[in-house]
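Me: I am new to this structure. Please choose one part and take me through it closely, step by step.

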Amino acid sequence: MAVTNRREPFIFMFRRWRRPGRRFRAAIGIMMILAIGCIAFTGCRSEEKDSKKVEDLKFTVVGDQDVPQALRELIGKKKEKPFKLTYADGQDMYIVIGEGPQNGGGYSVAVKELYRTDNSIVIRTELMGPEKGEASGSDLSYPVLIVKTAFMEEPVVFQ
């Protein structure tokens, strides 16, 4: 019975690996396999599929004085920077968008759309500036939009 050195095949493989170009081709092959795996397993989702409108939602734009005290305090703390938040009190849901400090007055936030999809609530807003010829002043303003709607479990998507 012949005794063979078990390390010999590994040394042979290592020597083949050291040939120029093999490492490069192997690395490219591994990267291609990883890229294909990432694409296959993460999936390509279409935003249109997720954001298909099921129904428009009824809402009311409310002022600071018409919201719960806790929400009013939270808005006061966050107004120095742009923010988006939701607040629910069990029967109503408040969707709040603050645009941060703006130079001068005349700024407001307008609701373009508010609708429900199969798995979310989507709100699309736009910051409106002062109209031409309107005096804007020199003080900072903090435009905030507060939308009140019926309470729903779905997460809110801001657009």
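**A sheet and its charge pairs**

Reply: Strands β4 and β9 pair in the antiparallel sense, over seven bridges. Strands here are DSSP runs of E with at least two residues, helices are runs of H or I with at least four, and both are numbered from the N terminus. Two strands count as paired if DSSP finds at least two bridges between them. In general, strands of a sheet pair through backbone hydrogen bonds, either parallel or antiparallel.

The model is predicted: local features need pLDDT of at least 70, side-chain atom pairs count only at pLDDT 80 or more, and totals for chains, interfaces and linings use all residues. Residues are numbered from 1 along each chain as its sequence is written, and side-chain values use heavy atoms, with hydrogens and water left out.

Start with the sheet that holds β4 and β9. It is open and has four strands, in the order β2-β9-β4-β3, with antiparallel pairing. Its edges are β2 (60–61) and β3 (83–88), each of which pairs on one side only. Helix α4 (residues 69–78) packs on this sheet. The helix touches β3, β4 and β9 (144–150), where contact means heavy atoms within 4.5 Å. The direction of α4 makes about 170° with that of β3. Such axes are lines fitted to C-alpha atoms, for helices over the stretch in contact, and the angles run from 0 to 180 degrees between N-to-C directions.

Now go strand by strand. At one edge, β2 is joined to β9 by two bridges, and the two run antiparallel. T60 has K148 in β9 as its bridge partner. K148 is also the bridge partner of Y94. At the other edge, β3 pairs with β4 (residues 92–98) over six antiparallel bridges. There, Y87 stands opposite Y94 in β4.

K148 has a further role in the picture. A salt bridge is a side-chain nitrogen of Lys or Arg within 4 Å of a carboxyl oxygen of Asp or Glu. In general, side chains of opposite charge can pair when their charged atoms come close. This rule gives six salt bridges. In one of them, the side chains of D92 and K148 meet at 3.7 Å, N to O. This pair links distant parts of the chain: D92 is in β4, K148 is in β9, and they are 56 residues apart.

How covered are the two partners? Buried means under 20% relative accessible area, exposed means over 50%, and partly exposed lies in between (1.4 Å probe, protein chains only). D92 counts as buried, at 15%. K148 is partly exposed, at 27%.

A second sheet makes a useful comparison. It is also open, with four strands in the order β1-β6-β7-β10, but its pairing is mixed. Its edge strands are β1 (55–56) and β10 (156–158), and each pairs on one side only. Two bridges join β1 to β6 (residues 108–116), and these two strands run antiparallel. E55 stands opposite R116 in β6. Next, β6 pairs with β7 (residues 121–128) over eight antiparallel bridges. A hairpin of four residues joins β6 to β7.

Charge pairs cross between β6 and β7 too. K112 forms a salt bridge with E126, with the closest N and O atoms 3.1 Å apart. K112 lies in β6 and E126 in β7, so the pair ties together parts 14 residues apart in sequence. Both are partly exposed, K112 at 41% and E126 at 35%.

E113 and R124 also stand opposite each other in this pairing, with R124 in β7. Their side chains meet in a salt bridge at 3.2 Å, N to O. E113 is in β6 and R124 in β7, so this pair ties together parts that are 11 residues apart in sequence. E113 is partly exposed at 26%, and R124 is partly exposed at 34%. Salt bridges with shared partners join K53, D56, E113 and R124 into one network.

So much for charges; one last stop is nonpolar. F24, I28, M31 and M32 make a nonpolar surface patch of about 430 Å². M32 lies in helix α2 (residues 22–42). Patches use residues with over 30% relative accessible area and no salt bridge; like charges are joined within 9 Å, and nonpolar side chains (Val, Leu, Ile, Met, Phe, Trp, Tyr) within 5 Å. The areas come from the Shrake-Rupley method with a 1.4 Å probe, and for residues only the protein chains shown count as cover.
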